[in-house]
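This report describes the strand pairing, the helix packing and the ligand surroundings of one protein model. The sequence and the structure are shown first.

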Amino acid sequence: MNTMETSEQFLMKTYGRQPIAVQSGIRGVCTDETGKTYIDFGSGIGTNSLGYCDADWADAVYKQVRTVQHTSNYYYVSVQAELAEQLCTLTDMERVFFGNSGAEANECAIKVARKYSFDRYGEGRGTILTLQNSFHGRTLTTLAATGQDVFHKDFHPFPQGFVHAKPNDLTDLHEKLDDSVCAVMIELVQGEGGVHVLDPDYVKVVAELCQERDLLLIVDEVQTGIGRTGTFLACEQYRLHPDIITLAKGLGGGLPIGACLVAASCADVMGQGSHGSTFGGNPVVCAGALAVLSRVAEPGFLDSVQEKSVYIREVLESCPEVESVSGLGLMIGIRLKTMSAGEILAAAREAGLLVLTAKDKVRLLPPLTISKEELDAGLEILLQILNN
Ligand SMILES: Cc1ncc(COP(=O)(O)O)c(C=O)c1O
């Protein structure tokens, strides 16, 4: 049996996979087992932030795996400490907890918010308000947090304590922010929900209400963080300093990591024994993340993300089939006039370009390091399909 057949037989059928068996990759291009190459505008859903097998990243990971590959969190390890310090410095937060995924980062955020509230106000104030159309993960609790009914079936009973408000609707927000709420959790750009950018005026009011009522503001930057939107955090573009920020995806450059960062307001909520993870903050993963941070912090790096974003938008907006382009930085959604996103995804694949979809949009999350040549080659394929 080949890779696809073996996978179909032995893996749970949880994914609608594309018929490609990826064998290797370098920068923004991967090669499948037949030798066909693809320009990758998806980067493992925004995860391979430095592209495939970046040399500095790979060297850092290799060096660490030859030094100490794992130690339990009963001991200290320098790469974990260094990553924690760098992340707190870059985000102006106080402390971080490391897990292995975005969902775990959000689980930690939810636990911090509820404990913060319980410690101060006691029972009955444990509800988290999230937004309709949001996506916060696949664990039972983060599914309950996710404001899309399509995810709220099959797995009952779901954990309680979530209410979903309409994005950008202050009347609905006021109605749903009752005395049972302890925190508000938002994505500044709803990625999985269709690349919708949250209105800054709405976010400002949310932040003010949180401040007034001692509600913790959690910003899920799992997809938007680590330079994806052209600033290190999307929060910077909203002039927002939340109580909790969650990160994952691009942070590890392709290795599994989740981070839950807390501000001074809740830095000491979690005490010994309140949370944990066997693999969280694994040294090899931390070494990869440090390599990502050092690249993203290089002078001009984030400017180059913005420049590429402007360039992609200009090219796309000049195409008659494109209805509109949404998103921030290199997190881009394309609404089409007549063609379906699924149709474009399949045609692009055939022509050697990998794209993603989000709801009815074509979605692009190219590596932050994608070169002008790779970008042009990919856009040429996309335009050829859209102009046909
Ligand atoms: C905003 C956001 N939060 C959380 C998650 C869940 O992350 P993970 O799949 O790493 O658990 C995702 C994944 O797409 C996401 O986009």
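Two strands are taken to pair if DSSP finds at least two bridges between them. The model discussed here is predicted.

**The seven-stranded sheet**

By this criterion, strand β11 (residues 244-247) pairs with strand β12 (residues 258-262) in the antiparallel sense, over 4 bridges. Within this pair, C260 in β12 is the residue that stands opposite T246. Both strands belong to an open sheet of 7 strands with mixed pairing, whose order is β4-β12-β11-β10-β7-β5-β6. At the edges of this sheet are β4 (95-99) and β6 (162-165), each of which pairs on one side only. On average, and with direction ignored, neighbouring strands of the sheet are turned by 20° against each other.

Two helices may be described against this sheet. Helix α5 (residues 102-121) lies across β4, β5 (127-131), β7 (181-186), β10 (216-220), β11 and β12. Helix α8 (residues 200-213) lies across β7 and β10. Their angles are listed in the table below.

**The four-stranded sheet**

A further open sheet consists of 4 strands in the order β13-β14-β17-β16, with antiparallel pairing. Its edges are formed by β13 (322-328) and β16 (356-358); each has a single partner strand, so one side of each is left without a neighbour in the sheet. Here the average turn between neighbouring strands is 30°, direction ignored.

Strand β14 (residues 331-336) and strand β17 (residues 361-364) are joined in the antiparallel sense over 3 bridges. One residue pairing can be named: the bridge partner of I332 is L364 in β17. Helix α11 (residues 341-351) lies across β14, β16 and β17.

**Helix angles**

| Helix | Reference strand | Approximate angle |
|---|---|---|
| α5 | β12 | about 25° |
| α8 | β10 | about 145° |
| α11 | β17 | about 45° |

**The ligand surroundings**

How many residues surround the ligand, and which are the closest? The ligand is surrounded by 14 residues, and the closest are S101, G102, A103, V222 and Q223. Helix α5 contributes the largest share of this shell, namely 3 residues. This is the helix that runs at about 25° to β12 in the sheet of 7 strands. Sorted by class, the shell holds 4 nonpolar, 7 polar and 3 charged residues.

Technical notes:
Residues are numbered from 1 along each chain as its sequence is written. This is a predicted model: local features need pLDDT of at least 70, side-chain atom pairs count only at pLDDT 80 or more; totals for chains, interfaces and linings use all residues. Axes are lines fitted to C-alpha atoms, for helices over the stretch in contact, and angles run from 0 to 180 degrees between N-to-C directions. A residue is near a molecule or strand if its C-beta atom, placed from the backbone, lies within 6 Å of it. Ala, Val, Leu, Ile, Met, Phe, Trp, Tyr, Cys and Pro count as nonpolar, Asp, Glu, Lys and Arg as charged, and the others, Gly among them, as polar.
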